[in-house]
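I wanted to see how the strands are arranged and what lies against them, so I opened the model and took notes as I went.

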Amino acid sequence: MTQPLTLVGTAHPKPERAAELKQLLLSFVEPTRQEPGCLEYHFHEDRDEPGVFIFYEAWRSQADLDAHLALPHMQAFWEQRMDYLKSDLDITFLTMHSPYEPAARA
């Protein structure tokens with residue numbers, strides 16, 4: 001397996017759109033986890049700053065991430081994201097130094 005592509009993103013929503021954004025982002029979790037190149041996909045809320053959302057993603061390759069981002073619902077989100085956000089997504093790409101060992105899926 002090639003080195004996975006990992007990213008952590010943070011979303012700071014407009015207060016009046018936080019609940020709506022949370023539901024939208026939650027709706028992406030299960031379909032994304034079913035995509036062939038998705039290794040990990042997790043959605044979080046900051047415990048100290050409720051309403052700040054953090055997502056963690058690991059993809060088999062850049063091509064798999066690109067395929068994910070090209071899906072119609074992701075394209076729509078990307079085009080409309082600033083309707084929900086105070087500032088643009090803060091995305092950090094990571095290099096994984098520990099070996100990736102996928103968890104057994106039920």
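I looked up β2 (residues 38-45) first and found that it pairs with β3 in the antiparallel sense over seven bridges; strands here are DSSP runs (E, at least two residues), as helices are (H or I, at least four), numbered from the N terminus, and two strands pair if DSSP finds at least two bridges between them. Within that pairing I noted His-44 opposite Ile-54 of β3.

The model is predicted, with local features needing pLDDT of at least 70 and side-chain atom pairs counting only at pLDDT 80 or more, while totals for chains, interfaces and linings use all residues. Residues are numbered from 1 along each chain as its sequence is written, and side-chain values use heavy atoms, without hydrogens and water.

I then turned to β1 (residues 5-11), which also pairs with β3 in the antiparallel sense over seven bridges; there Leu-5 has Trp-59 as its bridge partner, and Leu-7 has Glu-57.

For β3 itself (residues 53-59), I recorded that five of its seven residues are buried, meaning under 20% relative accessible area with a 1.4 Å probe, protein chains only.

Stepping back, I read the strand order of the open, antiparallel four-stranded sheet as β2-β3-β1-β4, with β2 and β4 (90-94) as the edge strands, each pairing on one side only.

Last came the helices: α1 (residues 18-33) lies across β1, β2 and β3 and runs at about 160° to β2, the angle being taken from 0 to 180 degrees between N-to-C directions of axes fitted to C-alpha atoms, for helices over the stretch in contact, where contact means heavy atoms within 4.5 Å.

Key. Buried < 20%, exposed > 50% of the residue type's maximum accessible area, 1.4 Å probe, protein only.
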